[in-house]
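Trainee: I've got a new model open and I'd like to talk it through with you. Can we start with how far to trust it?

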Amino acid sequence: MKRKHLTSTEDLENEVDIPNAAQSEDDVESSMEASKKDNVVRPLKLSKGDLYKAPTVEELNQLKEAENLFHCSLLKMQMEELLKEVALSERRKKLLDSFVEEINDLLQSVPETPVVELTDVSWLEDSAIDVPFTMVPEVNGKFHMEPPASVDLIGSYPLGTCIKPRVTVDLAVTIPPNVLHPMDGINQRYPRKRALYLAGLAQHLASSPEVGPLHFSCLHGNRLRPVLLVTPSGKDSSVTLRIHAIPPPDFLKPSRFHPQKNNIRTDWFTGISSEQERTEPSTPHYNSTVLGDHLPRPHLQFLTAHSDQCPAFRDAVALLKVWLRQRELDQGTGCFGGFLAAMLMAYLLSTHKVGKTMNAYQLLRNALHFLASTDLTKSGITLAKNPDSKAPSLPEFHSAFQVVFVDPSGHLNMCADMTACTYKQIQYEASQSLQFWDDPTLDSFQALLMTPKPMIRTYDNVYQLSDMVKLQASCKKLSLLGSLMDHSGNYVLAVLPFILSLLQRGLGQRIRLLVHSLPKDPEWSVYSEPPKHKDQPPLSFGMLLNPEQCFSVLERGPPADSPEAAEFRQLWGSLSELRRFQDGAITEAVLWPGSSTCEKRKILLKIITHLLELHADIPNSSVLFVGGRVHEVIKLRKEIKSTGEEESLKVVQSFDDLSRKLWQLEGLPLSITSVQGAHPALRYTQVFPPEPAKLESSFFKKEKTLNALLPQDWKACPHYITPVKVICHMEGSGKWPNERLAIRHIKAAFHLRLGELLKQQHDYTCQATPAHLDVWKDGLLFRIQVAYHREPQVLREKVTPEGLLIVRDNPEAQALEVETQHKPFLTSTLHGLQQQHPCFGAVCRLAKRWLGAQLFMGEIGEDAVDLLVAFLFLQPAPFTPPSSLQVGLLRFLHLLSSFDWRINPLVVNLNGKLTASDCTEIKNHFIASRESLPVMFIATPNDHKASIWTKTGPSVPVLQRMVTVAAESLHVLEAQFAQPSQNHDIRVVFRPPLEAYDVLIHLKTKQVPLAAQAVDPSPITFPRGISKGEGGSLGGAFPVMDFDPVKLYLSELRDAFGDLALFFYDPFGGKVIAVLWKPKAFEQQPFKTSLMNGRKVEVVNEVATTAPNVEAIVEDFRIMGEGLVENVEPRTEKWVV
C-alpha cells in the first residue's frame, strides 16, 4: 500500500517517528526550519521501506471506520431529503388551518333538537343521513343534539408528524355532558350516542356550501368508533378532516373498563333472558374501545412534552411512519399506526433507551432495534410511571390481550386490537431492516424506505379466505359467544385469533412466519347504510416458507403412548394414523399424497383446508390459493403432473454418469482435467427440460452409411431433441500446437477418439464432427466439446510481417472464452444456487417462458435471464429469497419494469465473491464508460467491466418495450391475484400484443416441432416419431437431433433482411413470427449497386434513390418459408416512403 504523507508545518514539528533513514536529525530539523520560513507545505520524505510498508491495525480500523461513516452519512442525507419530500408545505398548512377554522365555526352553530328515544332516528329523515352504526339489538336511552362542548385538534397534525401523501387532520368534538348518562358504558349505549352525534354533525355540515361530499369511516376498522370524513368543496380534495366524537374529560371512570370486567350483558346481546345466574364473560376489547375515546387530549399533551425535549422526535416519527407504510402495517384493524409509532418513540425517550440529542437517523435505528429485540406478546411495556391503585397490572393485560403496550394513564392497552401474528410480522420486518442497514453492497435507503412491500410480492404463499359469512358457523362451532360479544358481533375478528393459532399449530416447521391482512377501514357515504360484517373484503394469510420442510409429505407426530398423542389425533382427526418407521419407532403420523414437486406444492393448501373444515366448519371452496395456477405454463404435458423438476434431475443424473465414464476412459493420449456442463438443463433452468425419447424407427428414413435417422418430407417435423452441451477440458502439454488451425485439428482428433472409446467401452451411439462429439445416451443427446485452456490466448496472438508477436482481443477469442470458461462456471454456480433455493430453477423457467411468449427471447440470452433471476435470490432486500413460483415471477417482472438500467449496473454477487470495494469499482467504471457499455449491464465476479452476457442485446428500443410490457403484466397479474375467486386466466400475461408489428408470418403447426409447448397449444396434434415409455436403449441408429425448421428459417430471414427489419418469435412452440420494420430502412438512400438488397429504384427530378421493396420482401418471406409458412399477413401500410 503506497501512502503519501502531506502534513502541515505544525504536524512536521511533532513528527519524530518517521524520519528518512538517510537523513540525520539535523537535516530533518533544518528542512523543518526551511518549511517554516517559506510557509509552504512540503511532503515528508520517506524511505522506500516506510513508503510501501503494510498498514498498521490502527490504520486499517480508521479506514474501515471512514468507510462505515461514509455509508451512514449517505443514508442520513438521503433520509433528510426524504423528510423534505413527505413534509407538508406551508401552502398546504395554510389551507388546512383555514379549512379547520371554517369547520370549527360551523360546528359551533349546531342546532339543538328535542330529546327522543335512542332508537328514534326520525329527526334525521329530512336530510336522509344514515346512522353509522348497526342499531341491533335495541337499547333504551335518550338522545338529543347540542353544540359541542369544545372542538380541538388532535393526532399527528398538531404534533407535527403528519406526512404526505395521505394527509388527514383529526378533529376531536366533545359531546356535551347533557347528552350522555353515567351508565352509557354498558350495552353499547355510549357508542350508539357517539354515532348519532356524528350523524347530527353530518346533517348540519351537509347544508354548508363550503363542505364537499361527506363520508363515514371507522377508526382502524373498529365499527364501534365511526368517524366523519370532511373535505372542502371544489376541486382541491387533498385535505381531509376526520371528526371524532369524544366524551367529556373524566366522564366515565377508567376503573369500570378494567380488561377483566364485563360491560356487555349476555341477555341483552342474545335477546334470550335466563332465570339462572350466569358468569358474565369479560369484554376487554369493548372496554378498551370506550376507554380510548377518553384519552386523545392527554395523549397529545404527553407526546408534545416529549417532542419538545427532543428536537429530532418529529422527524424520527415521520421516518418510522414511512417505514410502516411501505410494509402496509399502518392501516386497518390492529395496525401499528402513526399514533403507536409516536408513543413508541416517547417510550424510548422516557426510558432513556435513546438520547434527547440523537438525530432522526439514530432514533429510527434504535426504534427498529427495540422492535426487533422486544417481544410485546410476552413482555409488555408501559408508559405509566405512577399508575393509580385500580389500574390493571401487566399480567392482567396479558391475560386479556395478545400484545401489550400500556398508555401513560396505565388503564389503556394501545395494542388491544393487534394480533400476535401482526406483532411478529413487525418484529421480523424490523430484524430484516437492521440486517441490510449497514450492508455497503446494498442500497439501504431504497430497501428501507422506498420499496413498497405488498403482501402478494412479500410472502411466498398467500391464501385467501372468501365468503366471510361462513365464519358465523365457525363462531357457533367453537362456542365463541364471549368473543363475539366483546367484538360487538364482528365474527371475523372474533374467530381470527383461533384460525391463526390453528394454522400455526398445523403448519409448524413448514413455515417461518405467518401473517394476515389487516381489514381496511371501510368508507361509505353518509346517505348509505354502514357496511355489514359479511361485506368485509376477503381475509388473506401470507406465509414465508421453510424451503427444507414446507413440502414434506410426512407429518410425524409423537409416540403412540405419549400424552401428546391424543392432542395430535385431535388436531388432525381421521388423517392421523399409527406408523412404524425404520428406526423402530411407532408414532402418530399424517401422510400427504405427492410424488412430484408439482403435487407437493399443493400440500400446504390441503393442510389448511383440512384443518379449517375439521375445526371451524369452513368449507374447502372458501379457501383459495393466490397464484396457485402459475405453474401451468411450464407443465410439460397436460396428462402428467409435473412441472419439469424431475425431468431436469434425470438430465443431471445422466450427465453425472457420463462425466464419470469420461473420467474413467482408457486409451486417451492426454488425460481429462474437467468435465463441465454448459447448458441450462444442467442448472435446472431449461424452460422445458429434455425428456428421454424412445424413437419409432418406422417414422424416419434411415441413412445406412452413417447409421442415422432422417426426417421424411411428407411427414410432420420429428420430435425436437435438444443437444446438452458438455465442455471437456484436456490437460496441458508441450505437444499442443500454438497455431489456431492445428489446435482445431487436434480437437477434431480428440472428438473422434472419444467417440471410438465410448462406443467400445460403453456401447454408446456417437457421431463426431470437427466442432463436437454427439453422444446418444439414455434417450438424451449430449454434445461434448473438447477445450484447450490456451486456445483463447492463441486466438488473440498475431505475428506481424516484421516478426513481432502482438496480442489483441477479438470477438472470436471472446466467444470461445464464453463457451468454454464462462458458461461452465455459470452453470456450476447456478446449479449450486438451485441446491440452496429449490424453486430457483422453476422461477428462471417461468421468467424465460414469459419473455419467450412476449417474443423477447431472441433479443436477450438465456444466461442473462438466469442472472436476472439469480439477483432476486442473492440480493432480495428488502424481501427474502423467493420460495414459490408466483412470488418469484412477480418480483422478476417488478425488477425488469422498475430497475433504472440507464444509471445503474445490475451487480449479481455469485457465491458472495464481490466485496464492497468491488461493487464501488464496478459502479465507478460503469459511470465513466456508460456510453460504450451495453444498455442492460450485468456484472458478475468474473465479469466486472464487459457485461458479456448482454453484449449482443437487448437494444434500447427492445429494452424499453420489455420494461413497458413487464409493468403491464405485473399490473394484470397483481389484479388477478387480488381476486382469486374470479378464476382468471393466468395465460393472459403470456399472450403477446401483436398490434405493434408490421408483418405477421403464420407457420404450419405440423412443421413446428415444439408446437406442444405453446401457451395455447393447438388441439390437433401430429405424430413426431416418439413413443411412450422410457428413453432409448443403447446402440441403434443415430436420431435426428437439433432440427428445428423455424430456427433455421429465422436465421435465413435475419441474414437476408436483418438490415431492414427485426424478427421476433416465441422459441417455445410459437406459431407466429412477428416482423417490425426498422425506421432507418425507409429513409431514401442514394442509388448504389452494392446496396440494392431488398430495395427498388425511384427517380425523382432525375435523381435516382432507393427505397425498400416491401411487396417483394413480403413475397420473399413466403418463398423462403415454403412448406413451413401458412400465410404472410401485412399489418401496416408501409408500402411507400
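Mentor: Sure, one term up front: pLDDT is the predictor's confidence in each residue, from 0 to 100. This is a predicted model, and its protein chain averages a pLDDT of 89.

Trainee: In which helix is confidence lowest?

Mentor: At the top end, strand 9 (residues 405–406) has a mean of 98. Down at the start of the chain, pLDDT stays under 50 over residues 1–39. Where pLDDT is low, the predicted coordinates should not be read in detail. The lowest mean, 37, belongs to helix 1 (residues 9–14).

Trainee: Is arginine 457 buried or exposed?

Mentor: Arginine 457 sits in helix 17, which runs over residues 455–458. Its contacts beyond four places in sequence include Phe879, Leu890 and Glu974. The cut-off for buried is under 20% relative accessible area. Arginine 457 has 5%, so the verdict is buried.

Trainee: How far apart do the end C-alpha atoms of residues 837–992 lie?

Mentor: That span is one of those the unreviewed UniProt entry annotates as "domain: Nrap protein". Its make-up is 49% helix and 3% strand. Another annotated span is 456–616, with 37% helix, 23% strand and ends 25 Å apart. For residues 837–992, the end-to-end value is 30 Å.

Trainee: And what separates the C-alpha centres of domain 3 and domain 4?

Mentor: Domain 3 is pieced together from 458–518, 531–553 and 592–626. Domain 4 is the stretch 992–1136. Between their C-alpha centres, the distance is 51 Å.

Definitions and conventions:
Residues are numbered from 1 along each chain as its sequence is written. This is a predicted model: local features need pLDDT of at least 70, side-chain atom pairs count only at pLDDT 80 or more; totals for chains, interfaces and linings use all residues. Side-chain values use heavy atoms; hydrogens and water are left out. Domain bounds come from an automatic or database domain assignment. UniProt positions are given in the numbering used here, feature names are shortened, and annotations may be inferred rather than shown by experiment. Helices (H or I, at least four residues) and strands (E, at least two) are DSSP runs, numbered from the N terminus. Buried means under 20% relative accessible area, exposed over 50%, partly exposed in between (1.4 Å probe, protein chains only). Contact means heavy atoms within 4.5 Å.
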